[in-house]
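User: Please take one part of this model and look at it closely. Start from a single residue in a loop, then work outwards to what surrounds it.

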Amino acid sequence: MLAARQPSLSRSRLKGLILAGSVSIGTTAIRDPAYHVGKGDTITIDVPEAVAAEPEGEDIALDVVYEDDDIIVINKPKGLVVHPAAGHASGTLVNALIAHCGSSLSGIGGVRRPGIVHRLDKDTTGLMVAAKNDGAHQSLTAQFADHGRTGAMERGYLAFVWGVPNRQRGTVDAPIDRHPHAREKMAVREGGREAITHWEVQQTFAGADGKPVASLLACRLETGRTHQIRVHLAHVGHPLLGDSVYGPHFKTKVSHLGPESGAALVALGRQALHAYLLVIEHPQTGEILRWESPFPEDLVHLKTKLEAAL
């Protein structure tokens, strides 16, 4: 309907504006491209000013864990978007990398994603590696595609989840594709792309009544799909604490936590997920490199309060 009324805007452009919250009915932003407009509704489209096709460098502080002529490994904070997209034309990790690395940054990923070989969600913290030249980019891309099946690559996450699994460890092997109705979400769907997540219980936490209410899981990816851990853990009934996208029905469970741990979760304001482990083969030397990242302060605080309720 919008495409017919706005021939100057392509369907993909309109979809991007909807997902960015730039289309509204009255004072309410419509974020679902499949939303059915009612008779008499007045639709407002806020089209932002055009921006440069190529992102520019910005002086954004980076927590650099390792850097040489081929790669840079950073500890990504919460709130940092990886690359420019609808609603995030600047202030991204790409903008920071361009300023930090200059002309050495690999361009093989395209002008909007130079150096990027994998990503973390905006509010997921932890380790990321970027390529500083095309040779490194090709090597890292191949390693991430393989995901440790034949090589050294390993990606480990720590996830605070609702509930306690009925066994110590397990594997979620379920294909993932776009959600059929909410296009900004992913979902387990027959015919989707292969997705495999291995998990193991590290710790369990009691609630206000003394009964187990949450767990800390260590997760290892065998594939790298968008939102994979968040989708898979929600699929098996253990969504991430603080995940408003894949665990909205669990928001009422905050009252089941102790008062201090509940307050810590509310203050967290994001999904409780941290990319703590990254293992790669150096693209130039072949050396196996391993990094581990401790919890950021907000997850340390959450964990402390959850443990205090035991």
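Analyst: Two residues are in contact when they have heavy atoms within 4.5 Å of each other. Keep that cut-off in mind. Keep in mind also that this is a predicted model.

Start at Q271. This residue sits in the loop between α6 (259–268) and β13 (273–281). Is Q271 buried or exposed? Buried means under 20% relative accessible area. The value for Q271 is 6%, so Q271 counts as buried.

What does Q271 touch, once neighbours within four places in sequence are set aside? One group is D121, D123 and T124. Another is L240, L241, G242 and D243. R230 completes the list. With T124 there is also a polar contact, side chain to side chain, at 3.1 Å.

Follow R230 next. R230 is one of the buried residues of α5, along with Q228, I229, V231, H232 and L233. That makes 6 of the 8 residues of α5, so the helix is largely enclosed by the rest of the structure. Here is a general point about helices. An α-helix has 3.6 residues a turn, so residues three or four places apart point the same way. After α5 comes G237, which has a positive phi, near 90°.

V188 also meets α5. It belongs to strand β10 (residues 186–188). Its contacts beyond four places in sequence include V231, H232 and H235. The others are A174, P175 and I176. Take A174: it is 14 residues from V188 in sequence, yet the two C-alpha atoms are 6.2 Å apart in space. V188 has a relative accessible area of 28%, so it is partly exposed.

Now for the open space beside α5. The helix supplies at least two residues to the lining of the second largest pocket. So do α4 (134–146), β7 (154–162) and β9 (176–178). This pocket holds about 780 Å³ of space. Its lining has 33 residues, and R119, R155, G224, R225 and T226 are the closest to its centre. By type, the lining splits into 12 charged, 11 nonpolar and 10 polar residues.

R155 leads to another space. Besides lining the pocket, R155 lines the largest cavity. A search of the whole structure finds 1 cavity of 30 Å³ or more. About 40 Å³ of space lies in the largest cavity. How is such a space found? Rolling a probe the size of a water molecule over the atoms shows where empty space is left.

Which strands supply at least two residues each to the lining of this cavity? They are β7 and β13. β13 gives the most, with 3 residues. Recall that β13 bounds the loop of Q271. The lining is made up of H118, L120, L127, R155, Y157, A275, L277 and L278. Of these residues, 6 are nonpolar, 1 is polar and 1 is charged.

Compare Q271 with another loop residue. T92 lies between β5 (71–76) and α3 (93–101). Its relative accessibility is 0%, so T92 counts as buried. Its side chain reaches the backbone nitrogen of V94 at 3.3 Å. Beyond four places in sequence, T92 is in contact with I60, L80, V81, V82, H83 and P84.

Next, the aromatic rings. The structure holds 4 aromatic pairs. In one of them, the ring centres of Y66 and W291 are 5.5 Å apart and the planes meet at 50°, so this pair is tilted. Y66 is in strand β4 (residues 64–67) and W291 is in strand β14 (residues 288–292). They are 225 residues apart, so the pair links distant parts of the chain. W291 is buried, at 10% relative accessible area. Y66 is partly exposed, at 27%. Elsewhere, F160, F205 and F295 form one aromatic cluster.

Last, step back to the whole chain. It has 7 helices and 14 strands. Of its 310 residues, 44% count as buried. Take the contacts with a separation of 6 or more: 66% of them join residues 24 or more positions apart. Y66 and W291, at 225 residues apart, show how far along the chain a pair can reach.

Methods
Residues are numbered from 1 along each chain as its sequence is written. This is a predicted model: local features need pLDDT of at least 70, side-chain atom pairs count only at pLDDT 80 or more; totals for chains, interfaces and linings use all residues. Side-chain values use heavy atoms; hydrogens and water are left out. On a 1 Å grid over the protein atoms alone, a cavity is a set of points where a 1.4 Å probe fits but cannot get out, and a pocket is an open set with protein on both sides within 12 Å along at least five of seven lines; lining residues have an atom within 4 Å of a point. Grid points are joined across faces, edges and corners, and a volume is the space filled by probe spheres set on the points. Helices (H or I, at least four residues) and strands (E, at least two) are DSSP runs, numbered from the N terminus. Ala, Val, Leu, Ile, Met, Phe, Trp, Tyr, Cys and Pro count as nonpolar, Asp, Glu, Lys and Arg as charged, and the others, Gly among them, as polar. Buried means under 20% relative accessible area, exposed over 50%, partly exposed in between (1.4 Å probe, protein chains only). Rings of Phe, Tyr and Trp (its six-membered ring) pair if their centres lie within 6.5 Å; planes under 30 degrees apart count as stacked, over 60 as edge-to-face and the rest as tilted. A polar contact is a pair of N or O atoms within 3.5 Å; within protein, one must be able to donate a hydrogen and the other to accept it, and residues adjacent in sequence count only if both atoms are side-chain atoms.
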